[in-house]
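Work through the exercises below with the sequence and the coordinates side by side, and try each task before reading its solution.

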Amino acid sequence: MPDPWFEGMFGGGYEKSVELQKQYKALANFLKVDFLDAGEFVKTDGCDGIHFSAETNNTLGQAIAAKVEAIFSQEAKNAAA
């Protein structure tokens, strides 16, 4: 963290955020819905170590768009079968 104030507010946040991926993936599996692990595509890299930069937002947006396209493509194939 770039400042002690952030450390006090967000201390332990990284460890908690790593656990979120597991929990959301398990929930998606349980609900039988698609899941995108943003961590496969981006990491926080903004000026404060918490937020995304403009480039990272663009990268994540492209990954989400590709995932949505893949979902719609699969649904179209299933409907045609």
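**Exercise 1. Find which elements of the protein have the lowest and the highest mean pLDDT.**

Solution. This is a predicted model, in which local features need pLDDT of at least 70, side-chain atom pairs count only at pLDDT 80 or more, and totals for chains, interfaces and linings use all residues. Residues are numbered from 1 along each chain as its sequence is written, and side-chain values use heavy atoms, with hydrogens and water left out. Taking pLDDT as the predictor's confidence in each residue, from 0 to 100, and helices as DSSP runs of H or I with at least four residues, numbered from the N terminus, helix α1 (residues 4–10) has the lowest mean, 78, and α3 the highest, 95. The protein averages 89, and 98% of the residues score at least 70.

**Exercise 2. Determine whether T56 is buried or exposed.**

Solution. First place T56 in helix α3 (residues 54–80). Because its relative accessibility is 7%, T56 counts as buried (under 20% relative accessible area, with exposed over 50% and partly exposed in between; 1.4 Å probe, protein chains only). Next list its contacts (heavy atoms within 4.5 Å): leaving out residues up to four places away in sequence, T56 touches V42, K43 and D45.

**Exercise 3. Compare the span of helix α2 with its expected span.**

Solution. The expected span is 1.5 Å times one less than the number of residues, so the 19 residues of α2 (residues 13–31) should span 27 Å, and the end C-alpha atoms, 26 Å apart, agree with this. Just after α2, K32 takes a positive phi of about 60 degrees.

Technical notes: Helices (H or I, at least four residues) and strands (E, at least two) are DSSP runs, numbered from the N terminus.
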